[in-house]
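Visitor: Hey, can you walk me through this one?
Guide: Sure, have a look and then ask away.

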Amino acid sequence: MAHDFGAAAEWVLVALVILAAGPQLAGSWQFLLVAVHFRRNHYAECQPYFPRTAILIPAWNEAAVVGNSIDHLMSLDYPEEALRIFVVDDASTDATPEVVAAKAARYSGRVVHLRRERGGEGKAHTLNHGLSVILGDDWMQALLIMDADVVYERDTLRKMTRHLADRNVGAVTAYIKEGSRPGNYLTRFIGYEYITAQTAARRSQNVIGAIACLAGGAQLHSRANLVLLGGRVDTSSLAEDTFTTFNTQIAGHRVVFEPHATVWAEEPSTIVGLWKQRMRWARGNFQVTVRFRRLWFHRSKGHHLGGINFGVFWFCVFLLPFFMITASASLVTLYFINFPLAWRTFHVLWITNAATYLFITTFSLLIDPATGRRVWREAVLFPGLVNLAVIVYTCFPRLCRWATRDLFRLLQVVPTPLYAHSVILLIYVWLAVSMAAAYLAKLAEPHKFGKIISPALVYVAGYGPLLCACTFSAYVKELRKAEMKWDKTEKTGKAATPV
Amino acid sequence: MGQDGEDGQGGDPGVSGASGNGPSRSFDEEIRAAVRYEKGLFVKAMLALALVALVAVLRFLLFA
């Protein structure tokens, strides 16, 4: 009886370790769907279509960036008479009102300055202020919601509006690219992350017919869609854009991602800034997961959000930190109760991880080669130096053993069994510990040698674990019902198109 | 609705747009280019899979 229980416990632990390969396998499936995007896309329904478009820009202390954004919008390849910009100044305390007023005077009748006297309630409230004004008359046929710092390429808007020619489409989003120049190591990591999370993931979402999120910096809505949504966006969460995306699809409208419409955005160049941004996103996603709890894995005739594919993709990302922690804990437990089984399970997990890493990284760099050329080092080191070493060892164990033996011989060190077991245990716990190591990078950043230690820690622990650490921390905050605060990402006007 | 300045179907007033064959041809070319790029991604995916297969063969046949 006790033996049966022990065996069952061992297999539960094995299952928990193998479960950690789930997100990687789901990621690979998602990337395979990208490969069939040429068959399942919305281009056949596109038409040249230039609706009268209102551009809504929420702005709180955006003096450094909003003027440049307006100038870029004014040079869009789009009929002049069909474009109006509405800047909702959320009681800014910097020179935003003066900058916008100057642009309104320069582009008379095409730039409108709206001012909220009581601000600080968050982006959703600011958007609703603008929406109430814009929907107040019937000029607007389509509405583009964007951030004050993003820079549109000349053809971006018309590449988006062509999808609205199909009345079934309620909203369109574009490819947000990291555009900080000069960038740093962190913006390059983000640049790579956006290839995977935006241009790849959203292509696959086009294929399955369910889009997770209209990017806050580029969401185009038809008037009919906004009316259907009640003319306002959700103000009860930190993920108003995801709520809008879900509600659009639940209401029966299609949402389309246009990968060839590009928007450049300035992303955080410090871990502290990134942490604030991702904390907001992760808490928002937690709220979405709970609020739409009846939707997951329940098929519906009107939309595909309840499909298995979409549910698996969503929860693999949502639960990733827990997969990493349980896999580590299970491996360490197995190490003590059944060492050979732990070793075999570890190999199965990491052979899967290595194969999916190789596929996803190579394909990502090929999907957007221009960005890939700039960020390939960060792409390779996305899981961190330690995990990368494990991947290399998993792929070529004999070569690695030879190399290690030669290294020891060179250093005249004789490895003891204790040494070997310490390394094995370290590797087993690393999946979870890498998140803590990445968190240390955040703690170290503001200190004296932070500029050296933090990047080094991120490269060693990995950018992926850093995001997982932030997500984990966000869930803890959410479960403790911590105050929801709209921590705006600071922008300095570094985003630029490459031309 | 709203194609090349044609309007009025479904109550979309004042839809503006380029007219004539030139812009329409360029629109068609743009769509063709987009689909061509997407087809290219299929080939790129196969290349990435081939790389994984190559490493797997090396791993299990030569360096296991």
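**Chatting through chain A**

Guide: In chain A, 51% of the 499 residues are buried (20 or more other C-beta atoms within 10 Å of a residue's own, with C-beta atoms placed from the backbone). This is a predicted model, where local features need pLDDT of at least 70 and side-chain atom pairs count only at pLDDT 80 or more, while totals for chains, interfaces and linings use all residues. Residues are numbered from 1 along each chain as its sequence is written, and chains are lettered from A and ligands numbered from 1 in the order in which they are written.

Visitor: OK, how many helices and strands in chain A?
Guide: Chain A has 19 helices and eight strands (DSSP runs, H or I of at least four residues for helices and E of at least two for strands, numbered from the N terminus).

Visitor: Switching to helix 19 of chain A, is it largely enclosed or not, and why?
Guide: Helix 19 is largely enclosed by the rest of the structure, because 12 of its 17 residues are buried. Among them are A:Y463, A:F472 and A:E478.

Visitor: And what do those buried residues pack against?
Guide: The partners of helix 19 in chain A include helix 7 (185-208), helix 10 (271-291) and helix 17 (417-444); a contact means C-beta atoms, placed from the backbone, within 7 Å.

Visitor: What comes after helix 19?
Guide: A:K481 follows helix 19 of chain A, and its phi is positive, near 55 degrees.

Visitor: How about helix 5, how many of its residues are buried?
Guide: Nine of the 12 residues in helix 5 of chain A are buried, including A:H125 and A:I134. Part of the cover comes from strand 1 (53-59) and helix 9 (240-250) of chain A.

How values were computed. Two residues are in contact if their C-beta atoms, placed from the backbone, lie within 7 Å.
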